[in-house]
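Here's a quick tour for anyone meeting this structure for the first time. Have a look at the sequence and the model, then read on.

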Amino acid sequence: MATAKAQQAPAMVETAAYTPRFVSSPDGVRLATYEFGNPQGPAILFLHGFAQAALSWDRQLRNPELSREFRMVAIDLRGHGMSAKPEGDAFYKPGQVWADDVRSVIAELGLRRPVLVGWSYAGRIIGDYLTAHGAAALAGINYVDASSSLGDPAFLGPDVGLLGPQAMLAPGVEGFIDGTIRFLRACFARQPEPADFQTMLAFNMLAPHYVRSGLAGRPARYEDVLKSLRLPVLVSHGEKDRILATPMARFTAATVPGARLSLYPDSGHAPFWEEPDRYNHELTEFVRQVQVTR
């Protein structure tokens with residue numbers, strides 16, 4: 001298995017206070033990573049959702065309080081953002097490739113027992129990582145409106161179909177764009193400002209059709225690994241989520257021994273964006289807690 005290697009990557013925003021680097025996964029896919037905050041602080045590794053990008057976490061990565069205390073790293077997942085976008089299901093279907101991406105970033109950037117934060121589809125990537133590599137390298141996990149199982153239709157919200165061929169996987173250009181717009185709107189109970197939505201739409205469109213198709217249809221069998229977890233887990237979830245319903249969060253919290261559930265009654269699929277003050281406070285307290293208990 002190849003050793004991950006890092007090199008300088010071009011900055012997303014020239015004046016932003018962060019360190020960009022590329023990390024190579026074992027199968028040669030180059031992953032764009034962005035480091036913010038206190039390089040000596042406890043580490044947090046952010047994983048975004050389906051067709052999103054590291055910029056999804058803007059209200060955390062650029063938060064002054066979080067930046068003073070924590071070393072924060074966000075990834076553009078393979079096929080997304082500024083990361084490489086190879087063609088072929090072999091780069092997206094196997095759980096092993098996602099697990100190895102996370103391990104490569106942790107190892108190459110020298111993240112010492114980070115807290116892993118996963119939004120939406122990234123819940124499955126966390127499951128892939130735990131299945132392949134275990135939890136020994138982690139201090140804790142925060143599932144944010146995240147998928148941990150596909151075993152019950154009650155876990156899926158009324159707009160989950162927007163991830164399919166009528167929207168995010170629409171074959172034509174017009175349908176592809178319109179479907180992405182409709183999916184993004186469904187992610188929020190509190191809609192973003194127009195400029196923010198424009199940015200979100202732009203980075204969603206960086207995920208090509210073949211990448212989105214490659215992410216679809218993967219199995220999600222993580223119950224056993226969740227039951228075996230013995231580290232702190234926080235499950236954050238917006239109760240107005242129309243993509244993944246609240247029963248998904250309740251399932252995750254009930255399956256992981258000792259997990260804590262935090263529900264956001266006024267938020268949709270993205271409470272970290274819709275209620276950043278509350279979310280950032282809870283994330284801060286969670287990361288502090290795991291530093292004490294580990």
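## A first look around

Let's start in helix H3, which covers residues 95–108 and is where aspartate 100 lies. Keep in mind that this is a predicted model. Aspartate 100 has just 6% relative accessibility, so it counts as buried. Its side chain makes a polar contact of 2.8 Å with the side chain of histidine 133.

**The nonpolar core**

- The largest nonpolar core has 92 residues, and the ones touching the most other members are Leu45, Phe46, Leu47, Trp57, Val117, Leu130 and Ile141.
- H3 gives the most to this core, chipping in six residues.
- If you skip the neighbours within four places in sequence, phenylalanine 46 is in contact with a list of residues including Trp57, Met72, Val73, Ala74, Ile75 and Leu283.

**Strand E5 and its partners**

- Strand E5 runs over residues 71–76, and six of its six residues are buried, so the rest of the structure largely encloses it.
- In a regular strand, side chains alternate between the two faces of the sheet.
- In E5, both faces are covered: Arg71, Val73 and Ile75 are buried on one side, and Met72, Ala74 and Asp76 are buried on the other.
- Strand E3 (residues 30–37) runs antiparallel to E5, and six bridges join the two; glutamate 35 has valine 73 as its bridge partner in E5.
- Strand E4 (residues 43–47) runs parallel to E5, with four bridges joining them; here alanine 43 stands opposite arginine 71.

**Salt bridges**

- How many salt bridges does the structure hold? There are 14 salt bridges.
- One of them joins the side chains of glutamate 35 and arginine 71, at 2.8 Å from N to O.
- This pair links distant parts of the chain, since glutamate 35 sits in strand E3 and arginine 71 in strand E5, 36 residues apart.
- Are glutamate 35 and arginine 71 buried or exposed? Both are buried.
- Arginine 62 forms a salt bridge with aspartate 58, with the closest N and O atoms 2.4 Å apart.
- Arginine 62 is partly exposed at 35% relative accessibility, and aspartate 58 is partly exposed too, at 24%.
- Helix H2 (residues 64–69) holds both glutamate 65 and arginine 68, three residues apart, or about one turn of the helix; their side chains meet in a salt bridge of 3.6 Å, N to O.
- Glutamate 65 is partly exposed at 47% relative accessibility, whereas arginine 68 is exposed at 58%.
- Asp27, Arg78 and Asp101 are joined into one network by salt bridges that share partners.

Notes. Residues numbered from 1 in each chain as written. Predicted model: local features only at pLDDT ≥ 70, side-chain atom pairs only at ≥ 80, totals over all residues. Heavy atoms only, no water. Buried < 20%, exposed > 50% of the residue type's maximum accessible area, 1.4 Å probe, protein only. Polar contact = N/O pair within 3.5 Å; in protein donor to acceptor, adjacent residues only side chain to side chain. Core = buried A, V, L, I, M, F, W, Y, C linked by side-chain atoms within 4.5 Å. Contact = heavy atoms within 4.5 Å. Pairing = 2+ DSSP bridges. Salt bridge = Lys/Arg side-chain N within 4 Å of Asp/Glu carboxyl O.
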